[in-house]
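Here is a set of short exercises, each with a worked solution. Keep the sequence and the model open beside you and try each task before reading on.

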Amino acid sequence: MHLSDEELLELPVYDLCQNEKWELLTPLLDELHHFHKVHCEKYSATQQLGGTPLAVRAFKNQLLSSIDADKVHRILKSSGTTGTQSQIVLDSDTARLQSKVLSKIMQHWLGPKRLPLLILDSRKALDVHSGMSARAAGIQGMSFFGRDHHFALDENMDLDLAVIMSFADKYAGQPVFMYGFTFIIWQRIVQQLRQLEKQVAFSDAFLLHGGGWKKISEQAVDKKTFKQELSACFGNVTVHDYYGMVEQTGTIYVECEHGMLHAPVWSDINVVDPVTLRPLPAHTVGVVQLQSVIARSYPGHNLLTEDLAIIHGIDDCVCGRKGKYFTIQGRVAQAEVRGCSDTFK
């Protein structure tokens with residue numbers, strides 16, 4: 001079954017059972033596989049076995065593009081302080097589709113109205129000199145889902161308490177949206193508020209964060225502690241982690257109220273054996289394979305990541321959302337750290 005982009009965007013974000021979802025995704029993924037084989041010579045060279053997932057590391061070593069040079073709209077770069085950055089080539093159609101998919105996902109969690117937005121970062125993070133970093137792209141992307149943007153950190157990455165208090169006073173008693181990268185929130189927001197012994201009492205805040213868990217876990221901070229500290233700092237705040245990567249821009253896997261990450265209808269996850277690449281049964285740790293039908297201008301539709309995960313079930317999460325739900329368990333041994341928020345030390 002072939003779906004137009006309009007029909008694709010009309011699909012319910014989490015309401016299709018896995019079998020229904022896979023019936024829709026399979027022909028679209030096959031179509032993308034053949035398209036990229038024809039239009040990206042470097043991708044074609046990796047496909048001797050047919051349909052083999054492409055390792056995300058490939059985007060660090062070469063520019064993989066399925067479009068002509070004059071069609072390039074933007075090149076996204078992954079964040080990181082060591083190693084080579086991934087480069088993701090977008091044309092205007094792919095960028096538009098990815099933006100619309102992200103909008104559908106976020107509307108599911110935030111509702112149709114744009115909420116006041118407190119960005120738990122510095123405006124300086126948006127200074128882009130050569131390509132857009134994943135951190136800047138994340139902030140810019142989430143900015144579309146909020147209004148009256150305030151930045152919680154100044155240009156030196158120090159807490160701007162006056163801005164935070166002004167935002168809290170202005171929207172007292174109203175729902176607000178907060179967004180940032182995990183490690184930056186912990187180090188520059190939570191730690192500084194604790195040192196100042198300050199609390200900002202929001203009555204209804206939705207906080208979305210991602211990236212940087214490796215550095216936090218090294219400080220013996222788990223998700224439960226992280227959420228408890230955020231509640232102590234911000235009052236009535238619901239905290240949702242998300243999983244995503246620049247290699248599949250537009251698709252994010254948001255954590256539900258019960259701590260499970262969910263695959264939206266436009267993408268899917270497998271947990272595979274690192275040697276055979278065969279899918280592993282539920283409740284087994286393996287390497288994350290991600291598939292997405294919105295990677296059009298570059299071969300990012302079927303990727304083997306350097307992350308480990310467990311799929312906990314299909315269609316039966318207690319939150320009511322359908323499809324696969326999972327948790328990330330860390331990184332493959334010896335894998336280069338890719339965390340989007342590790343650009344700040």
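**Exercise 1. A salt bridge inside one helix**

Is R96 buried, partly exposed or exposed, going by its relative accessibility? Then find its charged partner.

Before the solution, a word on the source: this is a predicted model, in which local features need pLDDT of at least 70 and side-chain atom pairs count only at pLDDT 80 or more, while totals for chains, interfaces and linings use all residues. Residues are numbered from 1 along each chain as its sequence is written, and side-chain values use heavy atoms, with hydrogens and water left out.

Step 1. Recall the classes: buried means under 20% relative accessible area, exposed over 50%, and partly exposed in between (1.4 Å probe, protein chains only). With 42% relative accessibility, R96 counts as partly exposed.

Step 2. Look for a salt bridge, that is, a side-chain nitrogen of Lys or Arg within 4 Å of a carboxyl oxygen of Asp or Glu. R96 forms one with D93, and their closest N and O atoms are 2.9 Å apart.

Step 3. Place the pair. Helices (H or I, at least four residues) and strands (E, at least two) are DSSP runs, numbered from the N terminus. D93 and R96 are 3 residues apart in helix α5, so about one helical turn separates them.

**Exercise 2. Salt bridges between elements**

Which elements are linked by the salt bridge of E229 and R194, and by that of R331 and E306?

Step 1. The side chains of E229 and R194 meet at 3.8 Å, N to O. This pair links distant parts of the chain, with E229 in helix α10 (residues 223–234) and R194 in helix α8 (residues 182–196), 35 residues apart. R194 is partly exposed, with a relative accessible area of 42%.

Step 2. In the bridge of R331 with E306, the closest N and O atoms are 3.4 Å apart. Strand β15 holds R331 and strand β14 holds E306, so the pair ties together parts that are 25 residues apart in sequence.

Step 3. Check the surroundings of both ends: R331 is partly exposed at 24%, whereas E306 is buried at 9% relative accessibility.

Step 4. Widen the view. R57, E306, D307 and R331 are linked in a network of salt bridges, and the structure holds 15 salt bridges.

**Exercise 3. Rings that pair**

What kind of aromatic pair do Y14 and W109 form, and what kind do F177 and F206 form?

Step 1. Set the rule: rings of Phe, Tyr and Trp (its six-membered ring) pair if their centres lie within 6.5 Å; planes under 30 degrees apart count as stacked, over 60 as edge-to-face and the rest as tilted. The structure holds 12 aromatic pairs.

Step 2. Y14 and W109 are edge-to-face, at 5.9 Å centre to centre with 75 degrees between the planes. Y14 sits in the loop between α1 (5–9) and α2 (18–39) and W109 in helix α5 (residues 92–110), 95 residues apart. Both Y14 and W109 are buried.

Step 3. F177 and F206 are tilted, at 6.3 Å centre to centre with 55 degrees between the planes. F177 belongs to strand β7 (residues 176–181) and F206 to strand β8 (residues 202–210), so their pair ties together parts 29 residues apart in sequence. F177 and F206 are both buried.

Step 4. Return to Y14: the charged end of R321 sits over its ring, 5.9 Å from the centre (the rule is NZ of Lys or CZ of Arg within 6 Å of the ring centre and within 35 degrees of the ring normal).

**Exercise 4. The core**

Which residues have the most contacts inside the largest nonpolar core?

Step 1. A nonpolar core is a set of buried Ala, Val, Leu, Ile, Met, Phe, Trp, Tyr and Cys residues joined through side-chain atoms within 4.5 Å. The largest has 74 residues, and F177, F202 and F234 have the most contacts inside it.

Step 2. A second, separate core of 28 residues includes F59, A95, V271 and A309.

Step 3. Follow F202, taking contact as heavy atoms within 4.5 Å. Leaving aside neighbours within four places in sequence, the contacts of F202 include L118, V176, M178 and F234. F202 also joins F167, Y171 and F234 in one aromatic cluster.
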